[in-house]
Amino acid sequence: MTPQISTTISTQGTRRLRINHTTKVSYAQPAASSHNEVRMTPLTLPGQTTLDARVTVSPAAATWSYWDYWGTQVTGFDLMDPHADLIITASSLVETHPPGPLPVAPAWAEVTECTAVSRLLEFATSTPRTTVGAELVERAREAAAGLDPHETAVAVSSLVADRVSYLPGTTGVNTSAAEAWDQGAGVCQDIAHLTIALLRGLGLPTRYVSGYLHPEREAELHRPVAGQSHAWIEYWAGDWCGYDPTNRTRADESHVVVGRGRDYDDVTPHKGIYRGVPGGPPEVTVQFTRVA
Amino acid sequence: MADIFDAYALADAWDEMFERPGEVRTAYEPVLAALQPIEPSELRFRADQMARAFTDRGVTYAFAGEERPWPLDLVPRILDALEWDLVQRGVGQRVRALEAYLADAYGHARAFEDGVVPWRLLLNSPHFHRAAHGVEPPGGVRIHVAGIDLVRDEAGDFRVLEDNVRVPSGVSYVIENRRAMTRIFPSLFGEQHVLPVDGYPQKLLAALRAAAPDGTQDPRVVVLTPGPNNAAYFEHALLARLMGVQLVEGHDLVCRSNRVWMRTTRGEVPVHVVYRRLDDDFLDPLHFRPDSVIGCPGIMGAAMAGNVTLANAVGNGIADDKLLYTYVPDLIRYYLAEEPILPNVESYRPEEPGQLEAVLDQIEQLVIKPVDGAGGQGIVIGPKADRDTIERTRKAVIADPRGFIAQRPVALSTSPTLAGERMAPRHIDLRPFAVNDGNDVWVLPGGLTRVALQEGNLIVNSSQGGGSKDTWVLAEGPAVRPAAPTTALPDVAPRQLGPDGTPTVVQEGAQQQ
């Protein structure tokens, strides 16, 4: 970023967040070995600068990292000695800025045309997690009749958020979009999957965003607050535009992007294979501290 | 004199041996002269003996749930030097074009940007493994081994039927067929100079070693098999043995610090190249199917980091999709600036506007193939299908046009094949095997000729009841006559008596196990 541009970004709204994301996996019996991949490092993007980020593991292990197809930074490691639990700590310091103005909405025909002749196509095709019935797509079509892509994203997000209430514990990590709709309850992951399914059904390329949401808009400096890892969407309207259907708002300086993909499976924060007996779900805590 | 060829009536196709009834092609003259005087009962006896030898050696295949000896017909399939030159150049060209396509698809994607191949072909393919994106394999090789299926059409021209660049199998049968033929008909090889096939394992090993990660001193190669229950286990074991490398299963390997190691009684030793005979989906439960217990967790990460080479590379399935097949002639022109040496069979893409209607209009006259079918599964041959099958196929194509291609039915060439106690024309194809070491694409002389053993049948896969023939490539120029072996027909298992001294004998050193 050239100095010239940085002066034009208003420091108003800019914030600096320290994020501590701890994942504790406890095995029912010690695991003989495990192989893991972690996607927890925030990206550096036009509205977001990652100043510092590290992933540490206990028991200690050498880690390596690479950028995957989706542009997410991946940390890999293996543990080849028996271990009773595994603690992954991802800490980062990220500066975020308020989003800029939305791009001028393209005509639907232009969206269709661009999608067919580019990689956008992979964000316009349903995946097993983002498949819904034709009747549901029809409802989305009615809700979005006559609207441009920006308005459509908002209308479809509302349709989903009106139907699916945010109720942690009602769905699991493997719940599909269709199941969440039928149940009328879910978490941000389900609401994002449903919104993606419907927007793709209407021909709007949409991707799943994994990251963090700072829970308090006007947080006091240096006071840690508990939060969660979060999921929202980005749709393509000439450029990628973030929207958070769970909170019915544009993705802004409270959102920190870690990875983007077709659905949760492309950006899973922790994926591991271990030799041992099945254990319970991991304990996850995310702590935010606004430092500037 | 009545002989086994007397009643041989040509079918409505190009016959490999006879130009016209009673008029043999030059390349086949010595074979005809040798076979003609043999009594039918003796031929049958030799055929049975060969079957027993195959069973004894474990050269079998599964058909309809039972283990059967590998069916090798006694009449060889012969390609003269000119024909072979064409096949070899055509196969090499095809492999070079598919390599370029894979490098492009997992890299800069020029062919898609330039509109040569539609994006959807790549992005919607279940075989597009994004984990392979950006991986630059040593020497640029992703297709270490290819099997390109050819047929000869009514006019006698070779055409490509399909490409196999994932884990092509069958080369062990080429080696075993030759081994058996030199024992059953040693004298045949005295008449003509047939190019040997026993150099394959060394060529493969050299290519695999050349594919080791940069800077590896004395690379260690292993063959990774799904295990003894796999239909091709015999081949995995044979190749490992002939190459002199370890045959391993997933649990014999371990990934530690993003490198691959093999467990041995002396501790863990590093592995640099894995000739894997497992499908992508089963290779690494961390990256692909999490329920796979035959793979090795972490191996994909090691490959991505360049610490181990997987041969063939992960993600090659985007290049042998039958829909991509229809674009290969364009890919040859685009990447290589050459004209295709071997044409495709004329094909339709039902997914394209207008073509679906064209296919449905004449579905009874076309061959319909699922783009993802392997081993001849799901192929419907319109002219031979009943009403119900046609209707079912029509519905399936309408429901999923991307899932099928349609082709003109080719009357595959025929070759005289022992049926009962006489010769009858049976349809055949040819799978040449190519090995790419990064400098050169080498094509094993001959390849696997498969035979549809039932009269009129056009599907040659062994899983569909097909047989095979020893495939000869004749050396250029006059026959080099080695000392004719005098071995008589053995009355015990023939493998114990070899016609040593002929240039075509498989190395004995590797045989006794």
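Reader: Let's start with the hairpins. How many residues lie between E11(B) and E12(B)?

Author: E11(B) and E12(B) form a hairpin with 2 residues between them. Bear in mind as we go that this is a predicted model. To read a hairpin, look at the pairing of its two strands and then at the turn. Here 4 bridges join E11(B) to strand E12, residues 267-270 of chain B, and the two run antiparallel. As a landmark, B:Met262 has B:Val269 as its bridge partner in E12(B).

Reader: And which strand pairs with E11(B) through B:Arg256 and B:Arg259?

Author: That is strand E10, residues 253-256 of chain B, joined by 4 bridges to E11, residues 259-264 of chain B, in an antiparallel arrangement. B:Arg259 in E11(B) is the bridge partner of B:Arg256. E10(B) and E11(B) make a hairpin too, with 2 residues between them, and B:Ser257 in the turn has a positive phi of about 55°.

Reader: Next, the open sheet. What is the order of its 4 strands in chain B?

Author: Reading a sheet means walking from strand to neighbouring strand. In chain B the order is E7-E6-E21-E22, with antiparallel pairing.

Reader: Why is one side of E7 and of E22 in chain B left without a neighbour?

Author: Strand E7 (158-164) and strand E22 (441-443) of chain B stand at the edges and each has a single partner strand, so one side of each has no neighbour in the sheet. From one strand to the next, the twist averages 30°. At the E7 end, 6 bridges join strand E6 (residues 145-152) of chain B to E7(B), and the two run antiparallel. One pair to find is B:Val151 with its bridge partner B:Arg159 in E7(B).

Reader: Which helix packs on this sheet?

Author: Helix H8 of chain B, residues 200-210, does, touching E6, strand E21 (433-436) and E22 of chain B. The direction of H8 makes about 35° with that of E21(B).

Reader: Now the contact between chains. How many residues does each chain give?

Author: Chain B gives 18 residues and chain A gives 17 residues. On the chain B side, the elements giving two or more residues are helix H5 (119-123), E10 and helix H11 (299-304). H5(B) gives the most, with 3 residues. By residue class, the side of chain B that touches chain A divides into 9 nonpolar, 6 polar and 3 charged.

Reader: Finally, which residues of chain A does UniProt list for the "Transglutaminase-like" domain?

Author: The unreviewed UniProt entry lists residues 180-247 of chain A. Over that stretch the chain is 26% helix and 40% strand, and the end C-alpha atoms are 17 Å apart.

Conventions:
Residues numbered from 1 in each chain as written. Chains lettered and ligands numbered in written order. Predicted model: local features only at pLDDT ≥ 70, side-chain atom pairs only at ≥ 80, totals over all residues. UniProt positions renumbered as here; feature names shortened; annotations may be inferred. Pairing = 2+ DSSP bridges. Axes fitted to C-alpha atoms, helices over the stretch in contact; angles between N-to-C directions. Contact = placed C-beta atoms within 7 Å. Nonpolar A, V, L, I, M, F, W, Y, C, P; charged D, E, K, R; others polar.
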